[in-house]
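Colleague: Hey, I'm new to this one. Can you pull it up and walk me through it?

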Amino acid sequence: MSINSIDHNEMANVSSKWDYKDETASHVSNNKRQQAEARRRIEMLRDIRASGLTIEEAKELGLIH
């Protein structure tokens, strides 16, 4: 599908039907989001440790920032 085959009027009609309520329905509290991010970081560090890499090696490989 090329960009030229997109019906821009149809896209505009669909986007005008979006409701602010739809965007906030999936809103997660800031605390829950921070907890989820912390869990992901912990799991990533566990995976790095299980692989035998050091923190410095993981940073050099771009696995952690």
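Colleague: So what percentage of the residues in the protein chain are buried?
Modeller: Buried residues come to 6% of the 65 in the protein chain. Keep in mind that this is a predicted model.

Colleague: OK, and how much area does the protein chain expose?
Modeller: About 6200 Å², with carbon and sulfur atoms supplying 52% of it.

Colleague: New topic: how many helices and strands are there?
Modeller: Four helices and zero strands. Going along the sequence, the pattern reads α-α-α-α.

Colleague: Where is confidence lowest, and where is it highest?
Modeller: The low point is helix 2 (residues 20-25), with a mean of 54, while helix 3 has the highest, at 91. Where pLDDT is low, the predicted coordinates should not be read in detail.

Colleague: And what's the average pLDDT for the protein chain?
Modeller: It averages 78, and 63% of the residues score at least 70.

Colleague: Back to the surface. Which residues form the positive patch?
Modeller: Lys32, Arg39, Arg40 and Arg41. Arg39 sits in helix 3, which covers residues 30-51.

Colleague: Why does Arg39 count as partly exposed?
Modeller: Because its relative accessible area is 48%, and partly exposed runs between the 20% and 50% cut-offs.

Conventions: Residues are numbered from 1 along each chain as its sequence is written. This is a predicted model: local features need pLDDT of at least 70, side-chain atom pairs count only at pLDDT 80 or more; totals for chains, interfaces and linings use all residues. Side-chain values use heavy atoms; hydrogens and water are left out. Patches are made of residues with over 30% relative accessible area and no salt bridge: like charges are joined within 9 Å, nonpolar side chains (Val, Leu, Ile, Met, Phe, Trp, Tyr) within 5 Å. Accessible areas come from the Shrake-Rupley method with a 1.4 Å probe; for residues, only the protein chains shown count as cover. A salt bridge is a side-chain nitrogen of Lys or Arg within 4 Å of a carboxyl oxygen of Asp or Glu. Lys and Arg count as positive and Asp and Glu as negative; His and the chain ends are not counted. The place of a charge is taken as NZ of Lys, CZ of Arg, CG of Asp or CD of Glu. Helices (H or I, at least four residues) and strands (E, at least two) are DSSP runs, numbered from the N terminus. Buried means under 20% relative accessible area, exposed over 50%, partly exposed in between (1.4 Å probe, protein chains only). pLDDT is the predictor's confidence in each residue, from 0 to 100.
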